[in-house]
Each structure stands twice: as structure tokens, then as C-alpha cells.
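Biologist: I am new to this structure and would like a close look at a single part. Please take me through the helix packing around the main nonpolar core, step by step.

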Amino acid sequence: MNTDYVQAVRLKPQKRFSRLNSVHPTLLHSSLQQFWTWCRQQSSIRGILEDLGAISDRYAEDAQKIVGKTPLQFENEAESVGISYWVIEACVADEYPMKEPKIGHQYGSSADNTESADLFRSYFVEPVYEYIDEELDDQRGILAILHRYKHRCEWFRQDELLSLWSGDTSRGEKHLARDMYEYLYDQGLDFTIEPVSASGEIDLLGSQATPPRVMAEGKIFNPENDQGKGNIASGVAQLYRYLCDFNESAGYLVIFKTSPTELRLVLSAEASATPLLIHNNKAMFLLVIDLCPEAISASHSKKLKVVEIADHDLVEVIEAEADAAS
């Protein structure tokens with residue numbers, strides 16, 4: 001499995017949750033506030049939490065009942081995570097230092113603060129932490145599959161896929177995207193091709209019936225065919241809109257490079273293996289698949305053209321399209 005940005009991000013909350021899980025009851029309140037503030041300061045985790053808040057707002061009243069000393073039992077995992085999110089929000093905003101053991105006491109039979117604090121952590125903190133961890137792990141898993149797809153295309157099917165594009169350039173993007181769908185399906189991902197969203201159509205929406213959904217766009221990079229920097233920026237903007245439409249925190253742009261022109265993604269959040277743009281708490285991973293063998297000979301002859309794409313190139317298009325839509 002690919003080791004990159006997501007793996008490093010995932011380790012950080014693990015350490016902080018472990019610390020939160022072991023503090024004395026009298027320190028639980030301040031430690032929870034610190035943990036929650038830290039999570040909100042991490043771009044990718046903040047996006048996960050904001051999306052969780054959006055899809056679980058119907059549980060806010062139930063959380064207030066629990067905070068108001070009316071214990072409720074959870075019918076399913078989604079309810080547990082949703083209510084827990086709003087209980088933590090309420091506790092973090094409260095100034096009473098023993099708020100969490102007080103709530104935990106409602107679910108136990110002992111007046112011992114240590115037991116009550118442990119019950120609070122078990123009932124409310126663990127479900128939200130596990131949700132964050134699973135979301136990050138899902139991102140890592142999808143990236144691993146996409147990197148295997150990249151290697152399969154570049155190592156074994158480069159000529160075939162390049163011919164698939166060049167034989168019908170007007171529909172080449174669709175043809176290559178279909179190859180990606182087939183591969184992801186073979187890897188066990190269930191998805192719907194091009195479902196309609198409020199902003200149009202997205203190339204790939206995995207597990208559409210229930211969140212989290214896997215969202216991916218496929219774009220061609222070929223400046224000689226008027227599919228250069230603007231086409232990539234447009235793809236990122238489309239992906240961003242879909243993430244907003246479906247309240248998802250992460251998406252994937254697969255770039256099929258069919259030109260000898262070199263593409264450099266100079267992004268500030270670039271990871272060791274997968275360039276990444278984070279905008280308004282939405283994480284967009286950009287994976288380039290090089291289908292053009294001419295790039296090697298061009299580099300040897302020192303005639304290689306280069307197109308660089310930086311954060312501002314992508315953000316400008318995202319914001320321009322947002323302004324046009326408003």
C-alpha cells in the first residue's frame with residue numbers, strides 16, 4: 001500500500017487520541033478541548049468533521065438531551081457517530097470542567113469519576129475518532145488502488161491506452177475513464193458512472209447510496225490538443241463542486257498525460273507520492289498517468305516543454321466558477 005500524506009495525517013490523531021484516552025478525569029475537559037481544537041486546525045480532518053456535522057445535523061437535538069441529563073441509547077452506528085459529534089461540540093463549548101464525567105455517569109452505576117470519564121470516552125469520543133480514522137484510511141486505500149492503476153497503465157498498457165485516446169481524441173477522455181472504471185470495479189469498488197449532481201455530472205461516484213462516497217474525475221493533459229493547464233484546472237473545479245454537493249471531504253483527479261510536454265504539479269501540500277490541493281477543507285488528490293513514451297526522447301534531446309501548475313492556478317478557477325454560479 002502506498003505510503004504518503006494520508007498515512008502521516010492518520011498517525012497524528014492516533015497519538016493525540018491515545019493521550020486523551022489516558023488523562024485523569026479532572027483533565028479530560030481541557031484535554032478534549034485541546035484535541036478538538038487540534039483536529040479543527042488540520043485541513044483534511046477539519047473537512048471530515050465539517051462534512052460529518054452537515055450530514056448529522058438532525059442529531060443535534062438528541063445530543064442536547066444527553067447534555068441536559070437525559071441519557072439516550074443509539075440504534076445504529078450512524079446515530080452513534082452523529083450524536084457523539086454534537087455532544088463533543090457542546091462539551092467543548094461548555095466551561096464546566098467536569099462536564100464529561102457528569103455525562104458519562106448517566107451511562108453507569110458508579111459515582112466514581114474515573115469510571116464515568118471512561119464511559120464518556122467510550123460512548124462519545126471513540127465513535128468520532130474511529131470515524132475520522134476510517135475516513136483517512138479510506139482515502140489511503142483509494143490512493144493505493146489508484147497508484148496500482150497508474151503502474152499498470154504505464155508499465156503494461158501504455159501503447160494500447162495511448163492508441164485508445166489518439167484514435168478518437170474527441171471522446172478519448174471518456175474511453176480512458178472507462179478503462180479506469182473497469183480496473184476499479186475489478187478491485188472490488190462499487191460505483192455508479194456519471195450520476196447527476198447539482199453541478200452536473202461526475203465521472204465516478206463510488207457507493208452512491210450511502211456516504212462516504214468515492215469521487216473521481218478523469219482528465220486529459222495534452223496542451224497540443226487544447227487540453228492543457230486550463231483543462232486540469234477545470235477538472236479540479238468540477239471535482240471541488242461535486243465534493244461540496246455531496247458533503248464529501250476528499251476526491252481524486254486522475255490525469256491521463258498523452259503529450260510529451262512535462263506536467264509539474266507544484267502544490268504546497270504535495271506529498272511524497274501524490275500531489276494534493278486542499279481548498280476550503282476539501283482534499284483533492286491529483287494523480288498523473290503518463291501514457292506518452294515520446295517524453296523520454298524529448299528529454300534526452302533537451303527539447304522537453306514544461307507546464308507547471310501551482311495552487312493559485314487551481315484555486316483561481318475554483319473561485320471564478322463559484323463567483324459565476326452565485
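Modeller: A definition comes first: a crossing of two helices is left-handed if the near helix is turned anticlockwise from the far one by less than a right angle, and right-handed if clockwise. The model shown is predicted.

By that definition, H2 and H5 make a left-handed crossing. H2 covers residues 25-41 and H5 covers residues 77-93; their axes lie 10 Å apart, at an angle of about 115°. Angles of 65 to 115 degrees count as roughly perpendicular, and H2 and H5 are therefore roughly perpendicular to each other. On the H2 side, the residues in contact are His29, Leu32, Gln33, Trp36 and Arg40. They meet Tyr85, Ile88, Glu89, Cys91 and Val92 on the H5 side. Sorted by class, this contact has 6 nonpolar, 2 polar and 2 charged residues.

H5 also packs against H3, at an angle of about 110° and again with axes 10 Å apart. H3 and H5 are therefore roughly perpendicular to each other as well. Here Leu49, Leu52 and Gly53 from H3 meet Val81, Tyr85 and Trp86 from H5. The H3 contact with H5 has 5 nonpolar residues, 1 polar residue and no charged ones. Tyr85 of H5 is thus named in the contact with H2 and in the contact with H3.

These helices also take part in the core. In soluble globular proteins, nonpolar side chains tend to be buried together. The largest nonpolar core in this model has 36 residues. Leu32, Trp36, Leu49, Val87, Ile103 and Phe120 are those with the most contacts inside it. Two or more residues of this core come from each of helix H1 (5-20), H2, helix H3 (43-55), helix H4 (60-67), H5 and helix H7 (113-156). The most come from H7, which gives 9 residues. Three of the residues already met belong here: Leu32 and Trp36, which lie in H2 and meet H5, and Leu49, which lies in H3 and meets H5.

Ile103 shows how one core residue is surrounded. Leaving aside residues up to four places away in sequence, Ile103 touches Ile66, Val67, Val87, Cys91, Phe120 and Phe124. Cys91 is also one of the H5 residues that meet H2, while Val87 and Phe120 are, like Ile103, among the residues with the most contacts inside the core. Apart from this core lies another, of 28 residues, including Ile142, Tyr149, Tyr252 and Ile289.

Note on methods. Residues are numbered from 1 along each chain as its sequence is written. This is a predicted model: local features need pLDDT of at least 70, side-chain atom pairs count only at pLDDT 80 or more; totals for chains, interfaces and linings use all residues. Side-chain values use heavy atoms; hydrogens and water are left out. Axes are lines fitted to C-alpha atoms, for helices over the stretch in contact, and angles run from 0 to 180 degrees between N-to-C directions. Helices (H or I, at least four residues) and strands (E, at least two) are DSSP runs, numbered from the N terminus. Angles under 35 degrees count as roughly parallel, over 145 as roughly antiparallel, 65 to 115 as roughly perpendicular and the rest as oblique. Contact means heavy atoms within 4.5 Å. Ala, Val, Leu, Ile, Met, Phe, Trp, Tyr, Cys and Pro count as nonpolar, Asp, Glu, Lys and Arg as charged, and the others, Gly among them, as polar. A nonpolar core is a set of buried Ala, Val, Leu, Ile, Met, Phe, Trp, Tyr and Cys residues joined through side-chain atoms within 4.5 Å. Buried means under 20% relative accessible area, exposed over 50%, partly exposed in between (1.4 Å probe, protein chains only).
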